[in-house]
Amino acid sequence: MREKMLKRVSNYNDLWKQIDYRTLKIPSEFNLGVACVDDHDPSSRALTIVARDRSSRDYTFGDVRDHANRLANVLLGIGTGRGDVVAVVNPQSFETGVAYMGLFRMGAVALPLSSLFGPDALRYRLRNAQAKAVITSAANAPKVREALAGAPLPLIVIGGEPEPGEYSFEAALETASDQFEPVLTKAEDPAFLIYTSGTTGDPKGAVHAHRIVFGEIPVFEAAYDFYPQPEDVLWSSADWAWIAGLMDILVPAWFYGLPVVVDLEGAFSAERAVWLMREHRVTLTLLPPTALRMIRASDLPGGDFAFRSVASGGEALGADLLGWAEEFFGCAVNECYGQTELNGICGNSAAVYPVKPGSLGRALPGTVVAVLDDDGNPVTDKSGEIAVDRHHALTMLEYFNDPKATEEKFLGDWLLTGDLGTMDEDGYVWFESRKDDVIKSAGYRIGPGEIEGCLGAHEAVAMAAVIGVPDERRGQVPKAFVVLKPGREPSDELADELRTHVRNRLAPHEMPREIAFIDDLPRTTTGKIMRRALRDV
C-alpha cells in the first residue's frame, strides 16, 4: 500500500504542521490515471457494483486499467487527444470510473456532467468547455442530442443502441487494444473541469490539475480517521459528476488501492442505503446533511455497521443531528467545508481535536485559513469573508476561458470563498451567510442566474429573480419571484408549468419549490435586481 501523507497524532498543532503546501515537493510529472490504477495489484478489488435487484459484481484494478486503455485508444481513433475536453454524462458506474481514468491516462480533460442536467444546462457547459466528444448513458443520450443540436461531436453511448454516426461504448471497447502507454503529463496539466454556479452570469468551469490529489489526500486522511486501513471500503451516494463524489470518494479510494461500492439504484433511499452500508461492510463514507436527515426520519435502527469514520459537508450539522449520527453509525462524524475551486478548507478530525458542533471546524492540515475584513486584513471574532491561502495543491488552475472571473476569485495570496463567517480564538470557523446569493440546497450549489435565465425564456415570463429560502430537510431551496408579460395572469397551473419548465430544462434540484407572482422586481438605480430585498417580501 502507498505510504501515507500523515501520521496519527494526538493534537491539532502536530496534525496541521505535517504539511506545508508552499514547500511540498510534488513530482513535476504526474498522471492521476496512472497513480489511481497502475500502482496497485491488478487482481485487487477496485469496484463492487450493486444492481437494482441487490446482486453484485466485482471489478479489479486490472479490469479498470484494461478498459481505460481500450477507451483511450477508441478516443484517439475518433480524433480526440491530449488536452481535448471530453464530457462524461453518466452516473456512478464501472463505465464512469473507466471513462475518468482513460481520459486522465491519455492527457485529455474530463468534463463531469450530472445526469440531473436538462438539455439547456448541458448545452451551455458543452459549448463553453469546447468539448470535443461526449460519453453518455443511453438514458441521458436524448438530452445530450438535444443539447448538441446537430453539432458534429462524437457521441459514445453506454448501453442501448447508438443512432447512426454514434458509437457504442461496449462495441468500440471490445475491438480496441488494451495496450496503451499513458501520456506523461505534468502535475500542473489540467485533468478535469467542473462547473460551479455563481449569482450573476453563466456557470463557470473550475479547471483542476493532476496534482489536486496531493491536496485532497491529507484532507481525507484526517477526516477518515487516518485511512487507509487494510479493511477499508468506501461508498457514498454523492454523484461522481460533482467534486464531492469524484474527489472525496473515488480518487481518495483508488489512490490508495481501496475498493469503492457503487449502487446502480440511483435515487437515494434511506432503507436501501442502510442495507447497503451494512451488507457491504462500508467503513468510510461521505453523507451530506440531507441524507442524514432522511435516514433519521426513517426511524430505522442503528448499529451493526463496520464504520470507522463518516464524513459530511455542505452545511453545518448542528449538535442534535451530529449526536444522532454518531450514535446511529457508532463512529465519529467529521464535517468538512470546501468549494469546487478549493475542495478542502476547514473540517474536523474528532480523534485528534475537539468538535464544536455548528462550526465548520478548523483549518485542515497545512491549509492557511483566515477571515478577512473589508480591507483584506485577517480578523478574529469579527465577521468577514472566509479566505484560503492560494498556494495549495487543491487550488484550481483557473476558470475555463474566463480570466476576469479568475482574477476576481483572488485577492493577493488569498482565494476568496464568497462566504461570510467568523473565526473564534481557537481557530474554529463559523459560517454566517453567502456574500453573494448562491443557494446551498441538499449539498448542491445553485446559482440563481441560471434559473432566472431559464424562467425568462418561458413565453409567459417578463422577468424573474430567484433566492434561497430555508428548508428543514435541504437547508435551502430556490424560490422564484416572477413578473408576467402583459396579458398573462397568475395561476397555480402556470406556477406548476414554470416549475416543470425549470426541472426539465435545467435539473430537478434547481426547480423552484415556490413561485411568487409579483408586479415588479426591486432594483438598484443601475437596474440590477436586489435579491436581498426579496427576502422580506
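Visitor: What percentage of the contacts in the protein chain with a separation of 6 or more do residues 24 or more positions apart account for?
Guide: This is a predicted model, in which local features need pLDDT of at least 70, side-chain atom pairs count only at pLDDT 80 or more, and totals for chains, interfaces and linings use all residues. Residues are numbered from 1 along each chain as its sequence is written, and side-chain values use heavy atoms, with hydrogens and water left out. A contact means heavy atoms within 4.5 Å. Among contacts in the protein chain with a separation of 6 or more, the part due to residues 24 or more positions apart is 68%.

Visitor: How many helices and how many strands are there in the protein chain?
Guide: Both are DSSP runs numbered from the N terminus: helices are H or I with at least four residues, strands are E with at least two. By that rule the protein chain has 16 helices and 27 strands.

Visitor: What is the radius of gyration of the protein chain?
Guide: The radius is taken over C-alpha atoms, and the globule rule is 2.2 Å times the number of residues to the power 0.38. For 537 residues the rule gives 24 Å, and the chain is close to that, so it is as compact as a globular protein of that length. Along the principal axes, its C-alpha atoms fill a box of roughly 65 × 65 × 50 Å. The radius of gyration itself is 23 Å.

Visitor: What percentage of the residues of the protein chain count as buried?
Guide: Buried means under 20% relative accessible area, exposed means over 50%, and partly exposed lies in between (1.4 Å probe, protein chains only). Of the 537 residues, the buried part is 58%.

Visitor: How far apart are the centres of the positive and negative side chains?
Guide: Lys and Arg count as positive, Asp and Glu as negative, while His and the chain ends are not counted. Each charge is placed at NZ of Lys, CZ of Arg, CG of Asp or CD of Glu. The protein chain has 54 positive and 77 negative side chains, and the centres of these sets are separated by 1 Å.

Visitor: How many disulfides are found in the whole structure?
Guide: A disulfide is a pair of cysteine sulfur atoms within 2.5 Å. For Cys 331, the closest cysteine sulfur belongs to Cys 336 and is 13 Å away, too far for a bond. Cys 331 is also buried, at 11% relative accessible area. Over the whole structure, the number of disulfides found is zero.

Visitor: Which residues of helix 14 are buried?
Guide: Helix 14 spans residues 448-456 and is mostly covered, with seven of its nine residues buried. The cover includes helix 5 (119-128), strand 24 (444-446), strand 25 (461-471), strand 26 (475-484), helix 15 (492-505) and helix 16 (531-534). Cys 454, for one, has a relative accessible area of 5%. The buried residues are Pro 448, Gly 449, Glu 450, Ile 451, Glu 452, Cys 454 and Leu 455.

Visitor: Is the peptide bond from Tyr 227 to Pro 228 cis or trans?
Guide: Pro 228 sits in the loop between helix 8 (213-223) and strand 10 (234-235). Omega for the bond from Tyr 227 is near 5 degrees, and the bond is therefore cis.

Visitor: What is the phi of Arg 54?
Guide: Arg 54 belongs to the loop between strand 1 (45-50) and strand 2 (56-60). With a relative accessibility of 32%, Arg 54 is partly exposed. Arg 54 is not a glycine, yet its phi is positive, at about 75 degrees.

Visitor: What is the phi of Arg 281?
Guide: Arg 281 is in the loop between helix 10 (270-279) and strand 12 (284-286). Arg 281 is partly exposed, with 37% relative accessibility. Its phi is positive although Arg 281 is not a glycine, at about 50 degrees.

Visitor: Which residues does Gly 418 contact, leaving aside its neighbours within four places in sequence?
Guide: Gly 418 lies in strand 21 (residues 414-423) and is buried at 11% relative accessibility. Ile 386 is 32 residues from Gly 418 in sequence and 7.1 Å from it in space, C-alpha to C-alpha. Apart from those sequence neighbours, the contacts of Gly 418 are Glu 385, Arg 434, Lys 435 and Asp 436.

Visitor: What is the relative accessibility of His 208?
Guide: His 208 is part of strand 9 (residues 204-209). Beyond four places in sequence, the residues that His 208 touches include Asp 189, Phe 192, Ile 243, Glu 341 and Met 396. His 208 counts as buried, with a relative accessibility of 0%.
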